Amino acid sequence: MQEFGIKSSNGFDALGIKPASVKWNLGPAACTEEVLKNGEGVLTDRGSVMVDTGKFTGRAPKDKFVVEDDKTRDTVWWGNINQPIAPEKFDILFDRMVNYLEGKDIYVRDCFAGADPNYRLNVRIFNTIAWQHMFTYNMFINPSKEELETFESNFTIICIPEFEAEDYAELGLRQKNFALLNMSKRMLIIGGTAYAGEMKKGIFSVLNYILPQERDVLSMHCSANEGKDGDVAIFFGLSGTGKTTLSADPNRNLIGDDEHGWTENSVFNFEGGCYAKSVDLTEEKEPEIWNAIKFGAIEENTRFFPGTRTIDYENTTVTENIRVSYPIEHIENAKVPSVGNLPKNIFFLTFDASGTLPPISKLSKGQAMFHFISGYTSKVAGTEMGITEPVPTFSACFGAAFLPLHPTKYAEMLGKKMEESNVNVWMINTGLNGSGERTKLKYTRAMITAALEGKLDGVTFEEHPEFGVSFPTECPEVPAELLNPRTLWGDDAKYQTEVNKLADKFNANFAKYEEFANEEIMNGAPKAK
């Protein structure tokens with residue numbers, strides 16, 4: 001067997017994998033060479049690599065399964081999100097994947113998930129596609145040469161996009177593609193899909209299982225940044241609500257854009273890079289992300305302007321979910337290592353398709369707990385297969401798709417940490433306002449900046465009649481008429497109908513959590529008029 005690159009101290013004989021050659025821990029230049037040599041992608045005029053992910057241009061959550069065994073049976077939140085699969089079915093697919101790799105050329109990455117050495121996971125990733133190996137370089141944390149010499153993995157990913165489960169029905173799967181998580185064997189196996197986000201979100205699910213139970217760390221689907229004085233802000237939100245965009249602030253250091261842990265004295269990034277939506281991307285609107293796209297970045301499912309190597313970010317021929325992956329160091333003001341202080345401000349980001357929520361509002365503790373458990377937003381086109389326009393939805397803790405434990409476990413931890421820290425909690429509507437238009441990014445940024453800098457401390461707040469949250473009547477650099485959603489509707493009766501509909505949806509969704517909610521949380525619920 002031929003081996004190339006920097007190999008860690010221990011091999012993988014225990015897994016039974018017998019490839020023809022292994023390329024270990026390749027950096028951006030070597031990865032780019034492999035991608036071009038293999039015909040997997042092309043160079044853009046900015047030095048990034050452009051690739052297609054094939055049939056799957058987003059996650060396939062209905063094809064994700066968790067092995068049900070003695071470890072997980074009484075701890076995992078089973079249902080549509082965490083679907084059980086028998087251990088023997090996992091073993092069958094694992095053995096087939098190992099056999100498939102025999103005599104193949106493969107890529108292996110040893111990396112960390114977690115910027116804080118006290119809480120990190122050592123991950124070994126097997127890929128058959130060079131650009132996916134490059135993706136793991138961007139999205140995970142790469143050990144130093146010295147760390148590789150003593151590296152020992154405690155979790156394994158095997159990702160083979162070209163391998164499909166032909167007898168999927170007999171194996172209890174929905175179709176030929178799959179992502180199977182085995183917590184006892186500490187393995188994630190992925191087949192039949194080349195969407196690289198399955199790897200990153202798979203490990204996120206692993207950390208969401210391990211850290212709250214075993215380390216008393218709140219795992220969060222959020223972005224985070226830090227001001228010059230060390231004040232940390234957390235941004236919760238689902239894909240498409242602005243986590244990446246709003247945390248990439250030129251006046252603040254980026255800790256991370258998607259996944260974090262909250263310990264007793266810090267907030268730390270799980271990842272080593274960013275995976276940003278790039279549809280309609282311009283330098284003017286999002287300069288930090290724009291400037292991060294250079295050699296070493298991977299652009300997924302995009303298209304060039306005819307006759308050029310310049311990407312047309314308005315071209316959604318392949319998917320609305322066009323994305324770019326890049327190391328966090330590509331952000332000029334990134335904080336590396338990506339560890340910050342305890343948070344002073346928390347922002348819940350939501351894409352409200354009804355246009356009845358204020359663009360910014362302040363939440364009491366009870367309201368914060370209620371809205372955290374609710375996780376309201378609208379699914380945005382392209383983030384999942386089959387989504388072509390905004391669809392109102394609720395996702396517990398702003399990330400139910402990645403929560404192996406019951407949402408109340410994470411909500412209880414958030415409540416405890418809110419009690420321990422004097423934090424402000426804000427809800428930001430990055431979706432539609434009363435005129436039916438999306439709130440401009442410059443106004444959203446101005447509102448968040450005002451909250452971070454304490455410029456809203458002395459202004460008058462009004463209470464939203466139905467949701468009870470408080471919204472400011474003025475905000476620097478924001479037109480006052482935008483702050484109250486009712487004023488832009490022009491038809492008060494129609495507004496009342498829509499806001500009542502939304503309040504009813506909140507309460508209907510929350511019914512499944514009521515038995516776990518205390519009086520303070522229930523008082524945070526909206527009340528239709």
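Is Arg73 buried, partly exposed or exposed, and what is its relative accessible area? In this predicted model, Arg73 is partly exposed, at a relative accessible area of 36%. Its salt-bridge partner is Glu68, with the closest N and O atoms 3.8 Å apart. Glu68 is likewise partly exposed, and its relative accessible area is 29%. The Arg73–Glu68 pair falls within the 4 Å limit for a salt bridge, because the N to O separation is 3.8 Å.

The search over the whole structure returned 26 salt bridges. Among them is a pair formed by Lys455 and Glu453, whose side chains meet at 3.0 Å, N to O. Lys455 is partly exposed, with a relative accessible area of 46%. That value lies under the 50% that marks the start of the exposed class, so Lys455 stays in the partly exposed class.

A further salt bridge joins the side chains of Lys201 and Asp258, at 2.6 Å from N to O. This pair connects distant parts of the chain, 57 residues apart. Lys201 sits in helix 5, which spans residues 197–215. Asp258 belongs to the loop between strand 14 (253–256) and strand 15 (259–262). Both partners have low accessibility values: 10% for Lys201 and 8% for Asp258. The threshold for burial is under 20%, so Lys201 and Asp258 each count as buried. The two residues also belong to a network of salt bridges. Its members are Lys200, Lys201, Lys243, Asp258, Glu259 and Glu271.

Contacts of Lys201 were listed without residues up to four places away in sequence. On that basis, Lys201 touches Arg59, His221, Asp258, Glu259 and Phe402. Asp258 and Glu259 thus appear both in this contact list and in the salt-bridge network.

Internal space was examined next. Six cavities of 30 Å³ or more were found. The largest has a volume of about 150 Å³. It is lined by 15 residues, and those closest to its centre are Lys64, Glu198, Lys201, Gly202 and Ser205. Three elements give two or more residues to this lining: strand 5 (64–67), strand 10 (178–182) and helix 5. Helix 5 provides the largest share, four residues. By residue class, the lining of the largest cavity holds nine nonpolar, two polar and four charged residues. Lys201 therefore counts among the charged class, which takes in Asp, Glu, Lys and Arg.

Annotation adds a further view of this region. The unreviewed UniProt entry carries a "binding site" annotation on Arg59, Tyr195, Lys201 and Arg323. From this set, Arg59 and Lys201 are part of the lining of the largest cavity. Lys201 also contacts Arg59.

Tyr195, another annotated position, lies in the loop between strand 11 (187–191) and helix 5. Its relative accessible area is 4%, which places Tyr195 in the buried class. Neighbours within four places in sequence were again left aside for the contacts of Tyr195. The remaining partners are Thr53, Phe56, Thr57, Gly58, Arg59, Gln132, Tyr275, Glu300, Asn321 and Arg323. Two of these partners, Arg59 and Arg323, carry the "binding site" annotation from the UniProt record. Arg59 is thus in contact with Tyr195 and with Lys201, and Arg59 also lines the largest cavity.

Definitions and conventions
Residues are numbered from 1 along each chain as its sequence is written. This is a predicted model: local features need pLDDT of at least 70, side-chain atom pairs count only at pLDDT 80 or more; totals for chains, interfaces and linings use all residues. Side-chain values use heavy atoms; hydrogens and water are left out. Buried means under 20% relative accessible area, exposed over 50%, partly exposed in between (1.4 Å probe, protein chains only). On a 1 Å grid over the protein atoms alone, a cavity is a set of points where a 1.4 Å probe fits but cannot get out, and a pocket is an open set with protein on both sides within 12 Å along at least five of seven lines; lining residues have an atom within 4 Å of a point. Grid points are joined across faces, edges and corners, and a volume is the space filled by probe spheres set on the points. UniProt positions are given in the numbering used here, feature names are shortened, and annotations may be inferred rather than shown by experiment. Contact means heavy atoms within 4.5 Å.
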